[in-house]
Amino acid sequence: MTSEAPPTKERLLAAAKEEFAAHGIAGARVDRIAELAGVNKERIYGYFGNKQKLFDAVVGRALDELAEAVPLKAGDDPAEYVGRVYDFHRDNPVLVRLFFWEGLHYRDGVLPNEDRRRGRYEEKIAALAESFGTEASPKVAACLLSMIGLAAWPNAVPQLARLIIGTEGGGQGGAGVGAGVLDLRAHVVAFARQALSGPEGVCVPEPGA
């Protein structure tokens, strides 16, 4: 029985990821999760306690996947980091939907493992500041938030990108406008590079600030 527990738990997490991404925590049903995983629904309560804790476990795993797939270290090219964040959100629509559901569910409330999650971003802020040759600050933090937003938003709300730019065209992240074709990923990276290399003070605090 013990040797079968980890695969069972993995099946439940995989099934729950699909169910929560499709329906959110309020609309998800433990019966469907158990059926998709091929186990008795009592296993859900045995492993996770309740649906809320299962949802938190699924989102926590998704965040771990994001942190591992898209690290940011001192000396990294910030614009290329934007490109990698873009790639992750484009290639993982199920995880993107989970992040949206978490935001809708918790809103301004305290998140599970919030301190741990904040610490990860503090590490990224420190790495970004070092790349800029400055100290971590609210301005550098806002810059990181802007970079992530620039990269994530076109894939988080693809209908908006389609309405503004047009239908998908050829090439990675491409979109067609009339007869032209735009490589949206390349555009986002170029936009970020220009913004980050713009006038002093965009992301680096001005002297005395």
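Q: Why is tryptophan 153 called partly exposed?
A: Buried means under 20% relative accessible area, exposed over 50%, and partly exposed in between (1.4 Å probe, protein chains only). Tryptophan 153 has 46%, so it is partly exposed.

A: A note on the model: it is predicted, so local features need pLDDT of at least 70 and side-chain atom pairs count only at pLDDT 80 or more, while totals for chains, interfaces and linings use all residues. Residues are numbered from 1 along each chain as its sequence is written, and side-chain values use heavy atoms, leaving out hydrogens and water.

Q: What makes phenylalanine 100 and tryptophan 153 a tilted aromatic pair?
A: Their ring centres are 6.4 Å apart and their planes meet at 50°. Rings of Phe, Tyr and Trp (its six-membered ring) pair if the centres lie within 6.5 Å; planes under 30 degrees apart are stacked, over 60 edge-to-face, and the rest tilted. So this pair counts, and it is tilted.

Q: Why does this pair tie together parts that are apart in sequence?
A: Phenylalanine 100 lies in helix α6 (residues 93-106) and tryptophan 153 in helix α8 (residues 138-156), so the parts joined are 53 residues apart in sequence. Helices here are DSSP runs of H or I, at least four residues long (strands are E, at least two), numbered from the N terminus.

Q: How do you know that tyrosine 47 and phenylalanine 48 are tilted too?
A: Their centres are 6.2 Å apart and their planes stand at 55°, so the pair is tilted. Phenylalanine 48 counts as buried because its relative accessibility is 10%, whereas tyrosine 47, at 26%, is partly exposed.

Q: What makes glutamate 10 and arginine 61 a salt bridge?
A: Their closest N and O atoms are 2.7 Å apart. A side-chain nitrogen of Lys or Arg within 4 Å of a carboxyl oxygen of Asp or Glu is enough, so the pair qualifies. Glutamate 10 sits in helix α1 (residues 5-27) and arginine 61 in helix α4, so the bridge ties parts 51 residues apart in sequence.

Q: Which residues are linked in a network of salt bridges?
A: Asp87, Arg90, Asp91 and Arg185 are linked this way. Within it, arginine 90 comes to 3.3 Å from aspartate 87 and to 2.8 Å from aspartate 91, counting the closest N and O atoms. Aspartate 87 is called buried because its relative accessibility is 17%, while arginine 90, at 24%, is partly exposed.
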